[in-house]
Amino acid sequence: MSRPRDAFAGSVSSALTVIGLLSLLATSCARIPTAQEASHAVLALRSYGSWAWALGIALIWVDLVLPVPQTAVIAALGIIYGALLGGLLGSLGLIGGGLLGYVLMRTSVRRHVHRFVGARSLRTMESLFDRRGAWAIVLTRSLPYSVPEAIVFLAGLSSMPMRTFIGALALGSVPTAFVFAAIGAGWADQPILALVVSYVLPVALLPIALYVMRRGAR
């Protein structure tokens with residue numbers, strides 16, 4: 001009985017190692033921004049007037065390659081457009097960014113990553129994502145430090161079915177977007193506080209999400 005559990009534990013460990021490597025690749029272009037730097041998001045978005053929504057979505061998509069605090073951007077959209085429209089725009093940004101990362105790993109980039117991580121690791125990821133991949137996507141959409149992007153990349157690498165991926169992506173992205181847009185709208189008169197909360201909260205949620213994922217893997 002212990003062998004299957006040991007094998008699965010080894011699979012989880014290998015997959016988390018790959019997640020770490022992909023997170024390192026995703027954050028290698030820039031340093032993690034501070035909460036004070038994130039507070040400039042509202043001023044930057046407002047300066048674009050009627051195109052603020054487009055810049056906000058673009059910033060969320062850029063989080064695929066740079067450590068943009070996407071929850072702070074969504075909170076800024078909530079400050080500018082309110083909870084409902086800000087949540088819709090944030091949902092579009094999170095879902096669109098996730099799809100971009102997934103599709104990217106289904107292109108020729110896949111071959112380069114395949115050589116980097118090895119065939120055995122990819123088989124491990126496929127096994128892990130068959131069991132817990134959808135919940136991993138749902139639970140990580142609001143997390144910091146490029147964890148959501150790494151999970152999306154792994155979904156593409158492991159050939160997760162598109163329908164399953166989109167369902168999990170929407171289930172994780174839409175509530176996240178509306179929660180943080182509501183935080184922004186609720187503290188619209190105190191934008192720095194709203195952005196600091198939206199920056200710190202995902203960090204606090206990180207150990208909780210990892211704990212839930214670990215229990216689910218048992």
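The legends below describe several close-up views of a predicted model.

**View 1. The stacked pair of W51 and W53.** A search of the whole structure finds two aromatic pairs, and this view shows the one formed by W51 and W53. A pair of aromatic rings is described by the distance of the centres and the angle of the planes. For W51 and W53 the ring centres are 6.0 Å apart and the planes lie at 25°, and because planes under 30 degrees apart count as stacked, the pair is described as stacked. W51 is exposed, with a relative accessible area of 54%, whereas W53, at 35% relative accessibility, counts as partly exposed.

**View 2. The stacked pair of Y102 and F165.** In this pair the ring centres are 4.2 Å apart and the planes are at 20°, so Y102 and F165 are stacked. The pair links distant parts of the chain, since Y102 belongs to helix α5 and F165 to helix α9 (residues 162–186), with their positions 63 residues apart in the numbering. Y102 and F165 are both buried. When neighbours within four places in sequence are left aside, Y102 is in contact with V152, A155, G156, M160, P161, M162 and, as its ring partner, F165.

**View 3. The largest nonpolar core.** This core has 14 residues, and those with the most contacts inside it are Y102, I137, V147, I151, A155, M160 and F165. Helices α7, α8 and α9 each supply at least two residues of the core, and the largest share, four residues, comes from α8. A second, separate core has 11 residues, among them V68, I74, L94 and A181.

**View 4. The second largest cavity and its lining.** Two cavities of 30 Å³ or more are found when the whole structure is searched, and the second largest, shown here, has a volume of about 60 Å³. Its lining is made up of I60, L64, Q70, G93, L94, G97, G98, R141, P148, E149 and V152. Helices α5 (70–104) and α8 (147–157) each supply at least two of the lining residues, and α5 gives the most, with five residues. By type, the lining residues divide into five nonpolar, four polar and two charged. L94, which is one of these lining residues, is also included in the second, separate core of 11 residues, while V152, likewise in the lining, is among the residues in contact with Y102.

**View 5. S142 in the loop between α7 and α8.** Is S142, in this view, buried or exposed? With a relative accessible area of 10%, S142 is buried, because buried means under 20% relative accessible area. S142 is found in the loop that lies between α7 (119–140) and α8. Leaving aside neighbours within four places in sequence, S142 is in contact with T71, T176, F180, P202 and L205.

**View 6. G186 in helix α9 and its distance to A75.** G186 lies in helix α9 and is exposed, with a relative accessible area of 53%. How far apart are G186 and A75 in sequence and in space, and what are the two values? G186 and A75 are 111 residues apart in sequence, and 9.6 Å apart in space from C-alpha to C-alpha.

Methods. Residues numbered from 1 in each chain as written. Predicted model: local features only at pLDDT ≥ 70, side-chain atom pairs only at ≥ 80, totals over all residues. Heavy atoms only, no water. 1 Å grid on protein atoms, 1.4 Å probe; cavity = no way out; pocket = protein on both sides within 12 Å on 5 of 7 lines; lining within 4 Å. Points joined across faces, edges and corners; volume = space filled by probe spheres on them. Nonpolar A, V, L, I, M, F, W, Y, C, P; charged D, E, K, R; others polar. Phe/Tyr/Trp six-rings, centres within 6.5 Å; stacked < 30°, edge-to-face > 60°. Buried < 20%, exposed > 50% of the residue type's maximum accessible area, 1.4 Å probe, protein only. Contact = heavy atoms within 4.5 Å. Core = buried A, V, L, I, M, F, W, Y, C linked by side-chain atoms within 4.5 Å.
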